[in-house]
Every structure is written in structure tokens, then in C-alpha cells.
Amino acid sequence: MKKEIDARGELCPRPVILTKKELDKEENTLVTTIVDNEVSKDNVSKLATSYGYSFTVDMAKENEYYVNISKDGKVETQATCIPDLFKDLTLAIGSDKMGDGEEALGERLMTSLIYTVRETNPWPRTIVLYNSGVYLACEGSKALDDLKAMEDEGVEIIACGMCLDYYKIEKQLRVGEIGNMYLIYEKMANSNNTINLG
């Protein structure tokens, strides 16, 4: 059975949640979600990948994407992590500063923490950045080199798209992928351990 979801005009993470609900229904074998921006298109595509389903993306016109997810065409997903290099841990960072005291000290502490994470094994499997924490992954961040080095070795870094948009810094993102609140919650909920610095 084919199901079409018109998620144009819906704010993140609603397109992903609507798609997930339909994918979870046994009778649906093909789910098509229509979205009107690239972030939603990418997020729905990532959902299909996380399920192991094959998908195609058609562009009907500018800013109108049809993400066609086939439950019949399951694809095998391969683990890319090296054993013992990663810990089943999600590090959730909600600020570009650490603590509530002096601002300059808070910035230095956060930079120091990211450096310490990089230099300590095993690494967290995922780092999620939200609220002003997204600044850490943007141009000019003193933590950028350490985050890039970890991402290059396989650490998943997710920056909240709503937060990037709120601060008007989406184009300054230099490391990690743009995610939505559904993805961030999923990573935190499915991890054996979550450290929240928020």
C-alpha cells in the first residue's frame, strides 16, 4: 500500500515524525513524503537510512522534494565504527560555555573540555549540539579543530537545525551534520549513557 504525506510548511521535526508513523504501519510498503526545504529532505532521507530502507528523492520544482521510501527494498547497513574506539555514549552540549560564572572562563573551560574529549579514549559515539552549543561547530570556534579531528575518525556530530536557524548561523557550520530534535532525542534515548552539559 502506498501512502503520501504532504509535509510542506511543517517545521522540524514534524516531517520526520509524520514519516516515521507511516513507516511503522505494517500495511504501508511505499511512503512518499513531500517537503519544501533541503533540511527536511535530508532528515527524512536519514530516517529511511536508519531503518535500512531504500529511497529516492525527486524534485518536482524548486523547493519541492518527494522522498520515496520503499519498505520492500531493504538495504544492508554496515557498521563503520572501529571496535573499542568508541563508547556507547552521547555527549549533549547545550552551551558554548561551561558553567555559570565568568563568560571568558566558561568559554575556555568548554574549549578545554572538547580538547580533553578528543585526547581521551574511548570517544563518545555521538556529540549533539543544541542552543548556543551549536556555535562550537561554527566558523571561529576554538573547539573546531578538535571536533573536526573526532568527526574525521568517525564520531557523529549533530548540530540542531532549529538552533542554527534561530542564531542565523547555518551557513557558518563547519563540522557535523544538521539534525532535528527528533534525531537528537533518538540519539540521547538510545545511548546507554548520556552526559548532558546544558
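# Close-up views of a predicted model

**View 1. Asn63 in its loop.** Asn63 is partly exposed, its relative accessible area being 41%. This residue belongs to a model that is predicted, and its place is in the loop between β3 (53–61) and β4 (64–74). Although Asn63 is not a glycine, its phi is positive, at about 60°. Most residues other than glycine have a negative phi.

**View 2. Asn131, another residue with a positive phi.** The loop between β6 and α4 holds Asn131, which is not a glycine and yet has a positive phi of about 50°. With a relative accessibility of 38%, Asn131 counts as partly exposed.

**View 3. The buried side of helix α1.** Helix α1 spans residues 14–23, and within this helix the residues Pro15, Val16, Leu18, Thr19, Glu22 and Leu23 are buried. These buried residues lie on the same side of α1, because they cover an arc of only 165° around the axis. Pro15, one of the buried residues of α1, is 140 residues away in sequence from Val155, and the two are 26 Å apart in space, C-alpha to C-alpha. Val155 itself is placed in the loop between α4 and β7 (156–160), where it counts as buried, with a relative accessibility of 3%.

**View 4. Helices α1 and α2.** The axis of α1 and that of helix α2, which comprises residues 38–51, come within 9 Å of each other and cross at roughly 30°. Angles under 35 degrees count as roughly parallel, and α1 and α2 are therefore roughly parallel to each other. The crossing that these two helices, α1 and α2, make is right-handed.

**View 5. Helices α3 and α4.** Helix α3, residues 103–119, packs with α4 at an angle of about 25°, and the axes of the two helices are 9 Å apart. This angle makes α3 roughly parallel to α4, and α3 passes α4 in a crossing that is left-handed. Lys148 is a residue of helix α4, and it is partly exposed, with a relative accessible area of 32%. Between the C-alpha atoms of Lys148 and Ala137, which are 11 residues apart along the chain, the separation is 8.6 Å.

**View 6. Lys97, in the loop leading from β5 to α3.** The loop between β5 (86–93) and α3 is where Lys97 is found, and at 22% relative accessibility this lysine counts as partly exposed. Lys97 and Asp146 are 49 residues apart along the chain, and their C-alpha atoms are separated by 16 Å.

**View 7. Tyr51 and Tyr53, a stacked pair.** The structure holds three aromatic pairs. In the one formed by Tyr51 and Tyr53, the ring centres are 5.3 Å apart and the planes are at 10° to each other, and the pair is stacked. Tyr51 is partly exposed, with a relative accessible area of 22%, whereas Tyr53 counts as buried, at 11% relative accessibility. The cut-off that applies here is that buried means under 20% relative accessible area.

**View 8. Tyr135 and Tyr167, a tilted pair.** The ring centres of Tyr135 and Tyr167 lie 5.1 Å apart and their planes are at 55°, so this pair is tilted. Tyr135 belongs to the loop between β6 (123–129) and α4 (144–152), and Tyr167 to the loop between α5 (161–166) and β8 (177–179), so the pair ties together parts that are 32 residues apart in sequence. Both partners are described by their accessibility: Tyr135 is partly exposed, with a relative accessible area of 33%, and Tyr167 counts as partly exposed at 25%. Together with Tyr166, the residues Tyr135 and Tyr167 form one aromatic cluster.

**View 9. Lys41 over the ring of Tyr65.** In this view, the charged end of Lys41 sits over the ring of Tyr65, at 5.4 Å from the centre of that ring.

Note on methods: Residues are numbered from 1 along each chain as its sequence is written. This is a predicted model: local features need pLDDT of at least 70, side-chain atom pairs count only at pLDDT 80 or more; totals for chains, interfaces and linings use all residues. Side-chain values use heavy atoms; hydrogens and water are left out. Buried means under 20% relative accessible area, exposed over 50%, partly exposed in between (1.4 Å probe, protein chains only). Helices (H or I, at least four residues) and strands (E, at least two) are DSSP runs, numbered from the N terminus. The arc is that of the directions from the helix axis to the C-beta atoms. Rings of Phe, Tyr and Trp (its six-membered ring) pair if their centres lie within 6.5 Å; planes under 30 degrees apart count as stacked, over 60 as edge-to-face and the rest as tilted. A charge sits over a ring if NZ of Lys or CZ of Arg is within 6 Å of the ring centre and within 35 degrees of the ring normal. Axes are lines fitted to C-alpha atoms, for helices over the stretch in contact, and angles run from 0 to 180 degrees between N-to-C directions. Angles under 35 degrees count as roughly parallel, over 145 as roughly antiparallel, 65 to 115 as roughly perpendicular and the rest as oblique. A crossing is left-handed if the near helix is turned anticlockwise from the far one by less than a right angle, and right-handed if clockwise.
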